[in-house]
Amino acid sequence: MGHCMEIAWQQIQDATYRWEVVSGLMQDYAAAILQYCTTRLGEGMGEEVTQEVFVAAWQQLPTYRPEAPLQMWLFAIARRKCQQAYRNRARRQAIARLCVEEIRARTHSEGPPSPEGMVTQASQAARLAACLTQLRETDRILLTMWYWKELPISDIADILGKSVAAIRKQLLRAQQRLKEFIDAPS
C-alpha cells in the first residue's frame, strides 16, 4: 500500500519537515484510515475522526519509535480515536436521554401532557442536550453526578479527589455556563 517513505528522524522535531512527513502518510493511508473509521463510526463521524488521527500523528511523531511499521502505528491511533469517539458519543446520548427523562418527569407532574406541551418538552430536551455537549467534560460529569445521579457533594468530592469547597465552586460555575448556553439565542 502506497510508497514506503524514508524518514529523516533527526529532523522530526522540525514542524515543517514533520508536516511533510504527515502529508505523505495522508497520501498513503488516508483512504484506508477513513474506511476503517467510517466502518466503525459511520460517515460523518468517520471523516472527523480520520482528521483527528492525522493531527494526533503530527503531534506524536517525535515520540514514535520505529519498532512497529508506521502503518500499524497509524492504525493503532485510529483504533484509539474510534474508541474515544464511540465512548463520547455513547456518553452524549446517555446524557441526552437523562435530560429528556428529567424534563419529562418535571412536566408530567401536572397531569397528562398536551400535544403542544410535548413539542415544547421535546425541543427543551433537545436544547438542553445540545447545551450539555458544549460544556467541558468535567462540567458535564459534575452536573450529571449532581442532578441525575443525585450524589451528595461530599461523595462527588471523594470521587473527583477534590475538596467539598472546590466542588461547590466548580458546580456553581458549571451551572452558570450551562445556563449561559441555554439562554443564548439559538
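Contact, in these exercises, means heavy atoms within 4.5 Å. The structure is a predicted model, in which local features need pLDDT of at least 70 and side-chain atom pairs count only at pLDDT 80 or more, while totals for chains, interfaces and linings use all residues. Residues are numbered from 1 along each chain as its sequence is written, and side-chain values use heavy atoms, with hydrogens and water left out.

**Exercise 1. Describe the elements of the chain and the confidence of the prediction.**

Step 1. Helices (H or I, at least four residues) and strands (E, at least two) are DSSP runs, numbered from the N terminus. The chain holds seven helices and zero strands, and from the N terminus on its elements run α-α-α-α-α-α-α.

Step 2. For pLDDT, the predictor's confidence in each residue on a scale from 0 to 100, the chain has an average of 81, and 82% of the residues score at least 70. Among the elements, α1 has the highest mean pLDDT (91), whereas helix α4 (residues 115–134) has the lowest (70). Where pLDDT is low, the predicted coordinates should not be read in detail.

**Exercise 2. Work out how α1 is oriented towards α2, and how α6 is oriented towards α7.**

Step 1. Axes are lines fitted to C-alpha atoms, for helices over the stretch in contact, and angles run from 0 to 180 degrees between N-to-C directions. Angles under 35 degrees count as roughly parallel, over 145 as roughly antiparallel, 65 to 115 as roughly perpendicular and the rest as oblique.

Step 2. Helix α1 (residues 15–41) and helix α2 (residues 43–60) have axes that come within 8 Å and cross at roughly 150 degrees. The two helices, α1 and α2, are therefore roughly antiparallel. The residues of their contact divide into 17 nonpolar, four polar and three charged, where Ala, Val, Leu, Ile, Met, Phe, Trp, Tyr, Cys and Pro count as nonpolar, Asp, Glu, Lys and Arg as charged, and the others, Gly among them, as polar.

Step 3. Helix α6 (residues 153–160) packs against helix α7 (residues 164–183) at an angle of about 100 degrees, and their axes are 9 Å apart. This is why α6 and α7 are roughly perpendicular to each other. Ile153, Ser154, Ile156, Ala157 and Leu160 of α6 make this contact with Val164, Ile167, Arg168 and Leu171 of α7.

**Exercise 3. Decide whether Arg140, Ile167 and Ala78 are buried or exposed, and list what each residue touches.**

Step 1. Buried means under 20% relative accessible area, exposed over 50%, and partly exposed in between (1.4 Å probe, protein chains only).

Step 2. Arg140 belongs to helix α5 (residues 137–148), and because its relative accessibility is 11%, Arg140 counts as buried. When neighbours within four places in sequence are left aside, Arg140 is in contact with Ile95, Leu132, Thr133 and Leu135.

Step 3. Ile167 lies in α7 and, at 1% relative accessibility, counts as buried. Not counting residues up to four places away in sequence, Ile167 touches Leu142, Ile153, Ile156, Ala157, Leu160 and Lys162. The C-alpha atoms of Ile167 and Ile156, which are eleven residues apart along the chain, are separated by 7.4 Å.

Step 4. Ala78, found in helix α3 (residues 70–108), has 0% relative accessibility and so counts as buried. With residues up to four places away in sequence not counted, Ala78 touches Ile33, Tyr36, Cys37 and Val53.
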